[in-house]
Amino acid sequence: MEKSEILQQWIEAAIPDPFLFQQRRAVYTHLLGTAHFAAMLAMKRSVDSEAAELAGLLHDISTYLTGEHEDHARKGAALTLRILSDLQLGTPQQQEQIALAVQRHSDKEHIQTPLDEVLKDADVLDHVFNYKMLIRREIPRLHALEQELGLTFPFWDQLQEKYENA
């Protein structure tokens, strides 16, 4: 079984209460979407796609497990190390790199390691594609992604209009 599948099974089992799972379904969907975008970007950028996918699955794990978003990146990094270690996914060095990417994923303004950047950009792509929303500080990343991927987001005008009028 692939590491990603093992981790997805763990995440799904982490909230056995069906009502609570329904409440957190949007976060779970975001974890999966971000993981897929991260794997794709990693392949394009010659970054470890398996590590990127695992980072995507875990980047908002604290929010998913607790329902709280405050300081989720730092809390998520600690959870990530524990989860990857418990499930024996990756070497200690890989686990540390993934946890660091999780910790840094909210810092969209600064450039860090290639894995960090893949995760940050995947997070932005999932916000745009799955939620048709964007946080103001993510706009420069979205512009860079449009250039890199040769895309024009069809709803970009609506997003841009929203932020210009805010």
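## Exercises on a predicted helical model

Ile 135 counts as partly exposed, because its relative accessibility is 31%. The model behind these exercises is predicted.

### Exercise 1. Place Ile 135

Task: Find where Ile 135 lies, and state how far its C-alpha atom is from that of Phe 37.

Solution.
- Start with the element. Ile 135 sits in the loop between helix 8 and helix 9.
- Check the exposure class. Partly exposed runs from 20% to 50% relative accessible area. At 31%, Ile 135 therefore counts as partly exposed.
- Take the distance. The C-alpha atoms of Ile 135 and Phe 37 are separated by 18 Å. Along the chain, the two are 98 residues apart.
- Note the partner. Phe 37 is one of the buried residues of helix 3.

### Exercise 2. Describe helix 3

Task: Compare the span of helix 3 with the expected one, then say which helices its buried residues pack against.

Solution.
- Count first. Helix 3 covers residues 25-45, which is 21 residues.
- Get the span. From first C-alpha to last, helix 3 reaches 30 Å. That is close to the 30 Å expected at 1.5 Å a residue.
- List the buried positions. Among them are Val 27, Tyr 28, His 30, Leu 31, Gly 33 and Thr 34. Further along, Leu 41 and Ala 42 are buried too.
- Find the partners. The buried residues pack against helix 1 (3-14), helix 2 (18-23), helix 4 (49-58), helix 5 (61-66), helix 8 (114-131) and helix 9 (139-149).
- Look past the end. Ser 46, just after helix 3, has a positive phi of about 60°.

### Exercise 3. Work through the nonpolar core

Task: Name the residues that touch the most other members of the largest nonpolar core, and find which helix gives its largest share.

Solution.
- Set the size. The largest nonpolar core has 40 residues.
- Pick the hubs. Leu 7, Ile 11, Ile 61 and Tyr 64 touch the most other members.
- Assign elements. Helix 1, helix 3, helix 4, helix 5, helix 6 (72-86), helix 7 (92-104), helix 8 and helix 9 each give two or more residues to this core.
- Rank them. Helix 3 provides the largest share, with 8 residues.
- Follow one hub. Leaving out residues up to four places away in sequence, Leu 7 touches Leu 54, Leu 57, Leu 58, Ile 83, Leu 87 and Leu 89.

### Exercise 4. Characterise the two largest pockets

Task: Give volume and lining class for the largest pocket and for the second largest pocket.

Solution.
- Begin with the largest pocket. Its volume is about 260 Å³.
- Go to its centre. Of 16 lining residues, His 30, Asp 60, His 69, Asp 123 and His 127 are the closest to it.
- Sort the lining. The largest pocket is lined by 5 nonpolar, 6 polar and 5 charged residues.
- Assign elements. Helix 3 and helix 8 each supply at least two of the lining residues.
- Move to the second largest pocket. It holds about 160 Å³ of space.
- Name part of its lining. Val 47, Asp 48, Ala 51, Gln 94, Arg 104 and Pro 114 are among the residues there.
- Find the main contributor. Helix 7 gives the most to this lining, with 4 residues.
- Sort again. The second largest pocket has 5 nonpolar, 3 polar and 3 charged lining residues.

### Exercise 5. Locate the enclosed space

Task: How many cavities of 30 Å³ or more does the structure hold, and what lines the largest cavity?

Solution.
- Count. There is 1 cavity of 30 Å³ or more.
- Size the largest cavity. About 50 Å³ of space lies in it.
- Read the lining. Lys 3, Asp 48, Glu 50, Ala 51, Leu 54, Leu 89, Gly 90, Gln 94, Gln 95 and Ile 98 line the largest cavity.
- Assign elements. Helix 4 and helix 7 give two or more residues to this lining.
- Classify. The lining divides into 4 nonpolar, 3 polar and 3 charged residues.
- Cross-check with the second largest pocket. Asp 48, Ala 51 and Gln 94 also belong to that pocket's lining.

### Exercise 6. Judge three single residues

Task: Are Thr 63, Asp 71 and Gln 88 buried, partly exposed or exposed?

Solution.
- Thr 63 is in helix 5. Its relative accessibility is 11%, so Thr 63 counts as buried. Beyond four places in sequence, Thr 63 touches Arg 24, Val 27, Glu 68, His 69 and His 72.
- Asp 71 is in the loop between helix 5 and helix 6. Its phi is positive, about 55°, although Asp 71 is not a glycine. Asp 71 counts as partly exposed because its relative accessibility is 37%.
- Gln 88 is in the loop between helix 6 and helix 7. Its phi is positive as well, near 55°. With a relative accessible area of 69%, Gln 88 is exposed.

Key:
Residues are numbered from 1 along each chain as its sequence is written. This is a predicted model: local features need pLDDT of at least 70, side-chain atom pairs count only at pLDDT 80 or more; totals for chains, interfaces and linings use all residues. Side-chain values use heavy atoms; hydrogens and water are left out. The expected span of a helix is 1.5 Å times one less than its number of residues. Buried means under 20% relative accessible area, exposed over 50%, partly exposed in between (1.4 Å probe, protein chains only). Contact means heavy atoms within 4.5 Å. A nonpolar core is a set of buried Ala, Val, Leu, Ile, Met, Phe, Trp, Tyr and Cys residues joined through side-chain atoms within 4.5 Å. On a 1 Å grid over the protein atoms alone, a cavity is a set of points where a 1.4 Å probe fits but cannot get out, and a pocket is an open set with protein on both sides within 12 Å along at least five of seven lines; lining residues have an atom within 4 Å of a point. Grid points are joined across faces, edges and corners, and a volume is the space filled by probe spheres set on the points. Ala, Val, Leu, Ile, Met, Phe, Trp, Tyr, Cys and Pro count as nonpolar, Asp, Glu, Lys and Arg as charged, and the others, Gly among them, as polar.
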